[in-house]
Amino acid sequence: MAAGRSDDARPSPDALLKAAQKETRGRLKIFFGAAPGVGKTYEMLLAAHRRKAEGVDVVVGVVETHGRVETEAQLADLEVIPRCAVEYKGRTLHEMDLDAILKRRPALVLVDELAHTNAPGSRHPKRYLDVEELLAAGIDVYSTMNVQHVESLNDVVARITRIRVRETVPDSVVDAADEVELVDTTPTDLIARLGAGKVYVREQAQRALRHYFSPGNLTALRELALRRTAERVDEQMRSYMREHAITGPWAAGERVIVCLDPSPDAPNTVRAAKRTADSLDAELIALYVETQRHGLLTEAEQARLGEAMQLASQLGAEVVTVPGRTVVEEIVSFARSRNATRVVVGKSHRSRWFELRHGSVVDELVRSGSGLVVEVAPSTAKPEPAGAADWMRGTPRSIGPYFEGVLTTALATALGILIDAYVKLPNISLVYVVPVLIAAARHGLVPSLWVSALSVLCYNFFFLPPLYRLTIADPANVVALFFFMFVAAMASALGTRTRAQAQAARREARTTADLYAFSSKIAGVVDLDDLLWIVVTHLARLLNAEVAILMPERTLRESGRLTLRAAFPPDSEFTDGDLAAARWCWDTERPTGKGTDTLPGGRWLFVPVRTSRAPIGVVGILPLGEGRDLGASERRLLEAVGNQAAVAVERVALAEDIDQARIGAERERLRSAMLTSVSHDLRTPLASIIGALSSLKSYRERYDDQTRAELVATALSEAERLDRFVGNLLDMTRLDAGVIVPKREPVEVGDLVSTTLRRATPLLKDRVVTTAIEGDLPPLSLDFVLAEQALFNILDNAGKYSSPGGRIEITARRTGDAVEIAVRDEGPGIAVEALDRLFDKFYRADDGDRRRAGTGLGLAIAKGFVEVQGGTIAARNRTDRTGAEFVVTYPIST
């Protein structure tokens, strides 16, 4: 690295990563215009002809000619993919055949009208989503769109033209385009083309001239198109400079926060914030503050809030929800924590009376002294009528709370009369505060105001002179009654607010408790199936829905056929269409199915689940209840649980990886040990055999009979030794495969010991072997061959580690319900560090230069043969002298 080189001279890693990601995708070119009729489709076809002349494989996916002769002529020598028919409400609609294009796999496809809405029943509801799939498949796309279809400019165009365009394209699609070519013409030329019938037919053209194609509208739209294209070119220039480490006057990073609310104007606020963020080259964050009033939102308001959040996400914003007591405090606190510089809020639709009671968010933000730039987005919606909706929200629809208020007021009145009869209190009216607070805490504002009114009437009727009349004689009592009414109303409002705060706190506590309970359940789970079952049952309870998890068939990270791994209820069924939606979700790592942009007509909602390393599966949600969709809070809960589940699955996967690595290391150790054994211990007897036999063959006449007999004995001994080595390898293979099934029969311990000794005599000929077998030992239910081989291997080990002339003792005795067979030698004993590994495969105790021959399998095989018959084997050092002791214990059959 050159000395003194600064980080500013390096290419931006983010820019390089973004460029690398584009290398595997197709390239998108958008022909962009200010209005219909400027010639976007014609220019796209001309560009396609130029590419075809260069040898590029070009096909037409869909092109709308609108009867224009010049445009139709350009289609003459281009291959056109036939459209597919879609049946909808008795009509046959023709849409672009996405599957046919993917099967044909051209280099370039022409897709007109990027903002087009597909017929219901299509794979994607919008054509730009079809284009996204083509690009992901590596196919280049040429497309067209007008400025009024850009999502962030939709409200601006509506204010200019007085016409709201419903078909829009997210800004992210336009920003991701590799090229944007502006197709421009002057308003005068466009109006002339319209009058000549080159844009619409004559009758349609006249209506368009009156309502849309006025010179003023066209000029404003042209300015918007030019500005949007210039912003795109500027962004491309900055990206190029970052990729190639070209220094420039980069602006400091800014963050723009847009405040979300459930008002009808929330989408316009989001679009305005997007335009602001783009102009500042700033990060956009969409913030929703969940206060106590969140629980009082109607279904329509919750739906509007969800749509605003979805729009913000489509426009590339980070969507954040925070709970809080007041909106302004949370906005200021969040802005400071994220170092935001600007806040965009919508114009209030509340009445002046509501703002006097609850305050104005805009005014309080400005007065907060936070240093934030507060931008108020323009509004197109009408203000709400004064206060009725706010007062009536959460009002009980049954008569029960009001009847309860009558009873509590009556009890308070009776108690007040009883107190007044014995104790003259000047403030007897305080007894009525109790029923007011009870009604506010239990049932909300309206029932508490009902109790307040009853309390005022009862207090006047029973306690203020003249008694038992709804009149007031003393003017001082009028003032007292007025303040009593004020206190009762304030108590109602405070009680209602406390109730709402308590409900919000309970909701948050319940959600937190659910997430904590879920994290506690999955904390110690190490089996994947158990983990997935906990996930589906927990989600099913939280979301009141059927839940299923689908994962690849082979491994967590290997792309195979999706299969159902867990479901609640377990008998959940999927149609072919449901499985296709799940597969699409897995392939694209995007939500699919009900309530999404892909296959929205499906029954299930499929959400991808991924870890930091790779996608792991798909979660399917089928809400219970006809036509019910997941709300915004439920989607956040699903995301939170899904993230925790993904971490848990990754933990299980890492544990499996560690186990596999451990197994691999052990396998490598065993392989190395086996190669060492084969290369040394098996070749040694082979060398002896070959040497003896080759000597006999070459020099037989030179050797006397004794020498020849010694050579033959040597070859035979080494052959038997080789046979034992090979037999040990085969026995260990059988043990590892788990194919050994003991053939049990009654076995006398004495016969077992004597038979084993006869077989081991050649190995123990220089050792002194003694036996001590208790009398009357019961027969054992063993496989004689396996038990004899196990004892033989132990004796073979004792012979190897005993010096010539050393003593080997074999004892057998009964201990409770078992028979214990012990083999003791007078060798060097077992090193302390070797005791734990003595029965491992290919392990041989290190004895310096006097390392004994063998494969290191004898004791491992003995342990396997003993345990497969229900016995145990143990090794320890002798306590009376040096040497090792091996103890085999077999249970006595009853």
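Is Arg105 buried, partly exposed or exposed, and what is its relative accessibility? In the predicted model, Arg105 has a relative accessibility of 48% and therefore counts as partly exposed, since that class ends at 50%. Arg105 lies in the loop that runs between α4 (98-104) and β6 (108-111). Its phi is near 50°, a positive value in a residue other than glycine. Glu113 also has a positive phi without being glycine, here near 55°. The loop that holds Glu113 connects β6 and α5. With a relative accessible area of 28%, Glu113 is partly exposed.

The protein as a whole has 894 residues, of which 44% count as buried. Its secondary structure comprises 27 helices and 25 strands. The exposed area is about 46200 Å², and carbon and sulfur atoms supply 56% of that area. When contacts between residues at least 6 apart in sequence are considered, 70% of them join residues at least 24 apart.

Helix α5 spans residues 127-136, and 9 of these 10 residues are buried, so α5 is largely enclosed by the rest of the structure. The buried residues include the charged side chains of Arg127, Asp130, Glu132 and Glu133. Tyr128, Leu129, Val131, Leu134 and Leu135 of α5 are buried as well. After the helix comes Gly138, which has a positive phi near 85°.

Residues of α5 are also found around Val173, which is placed in helix α7 (residues 171-176). Val173 has a relative accessibility of 7% and so counts as buried, the limit being 20%. Apart from neighbours within four places in sequence, Val173 is in contact with Leu28, Leu114, Tyr128 and Glu132. Tyr128 and Glu132 are both among the buried residues of α5. Leu129, another buried residue of that helix, is 44 residues from Val173 in sequence, with 9.3 Å between the two C-alpha atoms.

A second enclosed helix is α27, at residues 858-868. Of its 11 residues, 8 are buried, so α27 is largely enclosed by the rest of the structure. The buried positions are Gly858, Leu859, Ala860, Ile861, Ala862, Gly864, Phe865 and Val866. Just after α27, Gly870 adopts a positive phi of about 90°.

Two helix pairs were examined for their packing. Two packed helices are described by the angle between their axes and the distance between the axes. For α17 (residues 400-422) and α18 (residues 433-443), the angle is about 160° and the axes are 9 Å apart. This makes α17 roughly antiparallel to α18, because the angle is over 145 degrees. The crossing of the two helices is right-handed. From α17, the residues Pro401, Glu404, Thr408, Thr409 and Ala412 take part in the contact, and they meet Pro435, Ile438, Arg442 and His443 of α18. By class, the contact between α17 and α18 contains 4 nonpolar, 3 polar and 2 charged residues.

The other pair is α6 (residues 154-161) and α11 (residues 266-280), which pack at about 110° with their axes 8 Å apart. Helix α6 is therefore roughly perpendicular to α11, as the angle falls in the range of 65 to 115 degrees. Asn154, Asp155, Val156 and Arg159 of α6 meet Asn268, Arg271 and Arg275 of α11. The residues of this contact divide into 1 nonpolar, 2 polar and 4 charged. The charged residues are Asp155 and Arg159 in α6, with Arg271 and Arg275 in α11.

Two further loop positions were considered. The peptide bond from Phe568 to Pro569 is cis, with omega near 0°. Pro569 is located in the loop between β15 (562-568) and α22 (576-588). Gly595 occupies the loop between β16 (592-593) and β17 (605-610). At a relative accessible area of 42%, Gly595 is partly exposed. Neighbours within four places in sequence aside, Gly595 is in contact with Gln310, Pro600 and Arg635. Gly595 and Leu605 are 10 residues apart in sequence, and their C-alpha atoms are 7.1 Å apart in space.

Note on methods
Residues numbered from 1 in each chain as written. Predicted model: local features only at pLDDT ≥ 70, side-chain atom pairs only at ≥ 80, totals over all residues. Heavy atoms only, no water. Axes fitted to C-alpha atoms, helices over the stretch in contact; angles between N-to-C directions. Helix = DSSP H or I, 4+ residues; strand = E, 2+ residues; numbered from the N terminus. Parallel < 35°, antiparallel > 145°, perpendicular 65-115°, else oblique. Left-handed = near helix turned anticlockwise from the far one by under 90°. Contact = heavy atoms within 4.5 Å. Buried < 20%, exposed > 50% of the residue type's maximum accessible area, 1.4 Å probe, protein only. Areas by Shrake-Rupley, 256 points an atom, 1.4 Å probe, with all protein chains shown as cover.
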